[in-house]
Amino acid sequence: MFTCVYKKKRTYMKYDNAHIIAYLNEKIVKGYQPKVMEGEKPSMPFDGYQYEGPCTDGGTILNCAKPGDRDEMINAIIRSRFTLSEEFAIHRHHSGEESALYSEEWKSYDNFCEEAKIIVDGWLKA
């Protein structure tokens, strides 16, 4: 995983016809001081936005053929953590006779889905 800090908030961009690159796992970093390479002058610290993902710029490439479509984008974020098979299994566990045994699994999944909605709603308002 790679982490990058930016002066401005990042959201998502179209990557190609079937993908977006999204900036997830956002953390606000107060007083960030960029590393100084030999021979460079240090820059002033700034409050930045840190993103973590598998791309070298801290982004994550997600399957999403319709950037800007709320449901497609939410689903893309959910797929970044859960495959369709895993999601179906979680739903089966939640609705089955032994659902109490899987309450933590459901809670974690449900919280992530709600977080995905909040992220996408924020992106679409930006």
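Me: Contact means that heavy atoms lie within 4.5 Å of each other. With that settled, which elements do the buried residues of α3 pack against?

Reply: Keep in mind that this is a predicted model. The buried residues of α3 pack against two strands, β2 (12–16) and β3 (19–22), and two helices, α1 (70–79) and α2 (84–95).

Me: And which residues of α3 are buried?

Reply: Start with the general idea. An α-helix has 3.6 residues a turn, so residues three or four places apart point the same way. Now look at this helix: Trp106, Tyr109, Phe112, Cys113, Ala116, Val120 and Trp123 are buried in α3. For that label, the relative accessible area has to be under 20%.

Me: What span should α3 have, going by its residues?

Reply: Helix α3 covers residues 103–125, which is 23 residues, and at 1.5 Å a residue that should give 33 Å. The end C-alpha atoms are 33 Å apart, so the expected span and the model agree.

Me: Let's move to the strands. In which sense do β2 and β3 pair?

Reply: In general, strands of a sheet pair through backbone hydrogen bonds, either parallel or antiparallel. Here β2 and β3 go antiparallel, over four bridges. A hairpin of two residues joins β2 to β3. If you want a spot to look at, find lysine 14, which stands opposite isoleucine 20 in β3.

Me: What stands opposite isoleucine 20 in β6?

Reply: That would be leucine 62. Strands β3 and β6 (residues 60–63) also pair in the antiparallel sense, again over four bridges.

Me: What order do the strands of that sheet have?

Reply: Read across, the order is β2-β3-β6, an open sheet of three strands with antiparallel pairing. Strands β2 and β6 are the edges, since each pairs on one side only. From one strand to the next, the twist averages 35°.

Me: Which strands form the β1-β5-β4 sheet's edges?

Reply: First, that sheet is open too, with three strands in the order β1-β5-β4 and antiparallel pairing. Its edges are β1 (2–6) and β4 (27–32): each has a single partner strand, so one side of each is left without a neighbour in the sheet. The twist averages 35° from strand to strand. Strand β4 pairs with β5 (residues 46–53) in the antiparallel sense over four bridges, and in β5 the bridge partner of isoleucine 28 is tyrosine 49.

Me: Zooming out, how many helices and strands are there in the protein?

Reply: Three helices and six strands. From the N terminus on, the elements run β-β-β-β-β-β-α-α-α. The radius of gyration is 18 Å, well over the 14 Å the globule rule gives for 126 residues, so the protein is more spread out than a compact globule. Along its principal axes, the C-alpha trace spans about 65 × 35 × 25 Å.

Me: How many of the 126 residues count as buried, as a percentage?

Reply: The figure is 27%. On the outside, the protein exposes about 8,700 Å², and carbon and sulfur atoms supply 52% of that.

Me: Last one: what percentage of contacts between residues at least 6 apart in sequence join residues at least 24 apart?

Reply: For this protein, 61% of those contacts do.

Methods
Residues numbered from 1 in each chain as written. Predicted model: local features only at pLDDT ≥ 70, side-chain atom pairs only at ≥ 80, totals over all residues. Heavy atoms only, no water. Expected span 1.5 Å × (residues − 1). Buried < 20%, exposed > 50% of the residue type's maximum accessible area, 1.4 Å probe, protein only. Pairing = 2+ DSSP bridges. Axes fitted to C-alpha atoms, helices over the stretch in contact; angles between N-to-C directions. Rg over C-alpha atoms; globule rule 2.2 N^0.38 Å. Areas by Shrake-Rupley, 256 points an atom, 1.4 Å probe, with all protein chains shown as cover.
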